[in-house]
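I opened the notebook today to look a few things up in a new structure. My notes follow in the order I took them.

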Amino acid sequence: KNIFYPCIPYEQIEYADAGNHYNCPIVTSYPEVIYNNVDALRTKKINYMYPFINLADRPSFKKQMYKTLKSFGVTESEVNKSSDAAFAELEKYKQDIRKKGEETIEWLSKNNKKGIVLAGRPYHIDPEINHGIPHLINTLGFAVLSEDSVAHLGQLKRDIRVVDQWAYHTRLYE
C-alpha cells in the first residue's frame, strides 16, 4: 500500500572540481513519470511517495525524509540515526565496488584477459533496457566493469571541453 520512490536531482559530490553533480533528468523524474502514467498509483489504496531528495545535502536529506516518514510514526531522532547509518553503508558499498574493480583489473592482467567499462545510467542495469548486453559481453570472454568500479583510478586533468554536470558522466570522464 506504500511505495517510496524519491526524485533525486542531486547525487553526492564525488569530484569537487566537477561543474555540478546532478542526476540526469530521466533518473530525477522517473518516479513522476511512473506516477503520471500508471493509473493504479493514483488511487486511494496506494500511498505513492515521491519526494525530492538531495543526496549532497545531509541536513536537507534528513529533513525531507522526516517530513515523508513522520506519518508512519518515525521520529526525527530515528531518521537522523538511520540516515547516518545509511550514508555510512553507502560509503562501504562504494568502497566494495571500487575494490572489486581493482581486483578485476588485477585478474585481467594476471590472466591476459580483456575488460570493458560498460557505461550508463542506473536504469541501464534493467535487463528490459540493456537487452542482456553485459551477459553477451561476458560470453565473448570479456569482463564487464562499471564506471563506478574504476573511476577512482583515473586522473582527469581539468579543464575539459564539456559541461561536466552529470554525476555519472563525471565518473566516465575520470
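**Entry 1, surface.** Before reading off an area, I noted that accessible areas here come from the Shrake-Rupley method with a 1.4 Å probe. With that settled, I looked up the total: the chain exposes about 11700 Å². Carbon and sulfur atoms supply 55% of that exposed area. I also wrote at the top of the page that this is a predicted model.

**Entry 2, overall layout.** I went through the secondary structure next and found seven helices and six strands in the chain. Read from the N terminus, the order is β-β-α-β-β-α-α-β-α-α-β-α-α. For the dimensions, I have the C-alpha trace spanning about 55 × 35 × 30 Å along its principal axes.

**Entry 3, burial and contacts.** How much of the chain is buried? I got 28% of the 174 residues. Then I checked how far apart in sequence the contacting residues are. Of the contacts with a separation of 6 or more, 64% are between residues 24 or more positions apart.

**Entry 4, charges.** I looked up the charged side chains and have 23 positive and 22 negative ones in the chain. The centres of the two sets lie 3 Å apart.

**Entry 5, a lysine to look at.** One of the lysines, Lys62, got a page of its own. I placed Lys62 in helix α2, which covers residues 58–69. Is Lys62 buried or exposed? Its relative accessible area is 17%, and the cut-off for buried is under 20%, so Lys62 counts as buried. Which side chain does Lys62 meet in a polar contact? I found that of Asp84, at 2.7 Å. Leaving out residues up to four places away in sequence, I listed Val79, Asn80, Ser83 and Asp84 as the residues Lys62 touches.

**Entry 6, cysteines.** You may well ask about disulfides, and I did too. My search of the whole structure turned up zero of them. Why is Cys7 not in one? The closest cysteine sulfur to that of Cys7 belongs to Cys24 and is 12 Å away, which is too far for a bond. A disulfide needs the two sulfur atoms within 2.5 Å. I checked from the other side as well: for Cys24 the closest cysteine sulfur is in Cys7, again 12 Å away and too far for a bond. Finally I looked up the exposure of both residues. Cys7 is buried, with a relative accessible area of 0%, and Cys24 is buried too, at 2%.

How values were computed:
Residues numbered from 1 in each chain as written. Predicted model: local features only at pLDDT ≥ 70, side-chain atom pairs only at ≥ 80, totals over all residues. Heavy atoms only, no water. Helix = DSSP H or I, 4+ residues; strand = E, 2+ residues; numbered from the N terminus. Buried < 20%, exposed > 50% of the residue type's maximum accessible area, 1.4 Å probe, protein only. Contact = heavy atoms within 4.5 Å. Lys, Arg positive; Asp, Glu negative; His and termini not counted. Charge placed at Lys NZ, Arg CZ, Asp CG, Glu CD. Polar contact = N/O pair within 3.5 Å; in protein donor to acceptor, adjacent residues only side chain to side chain.
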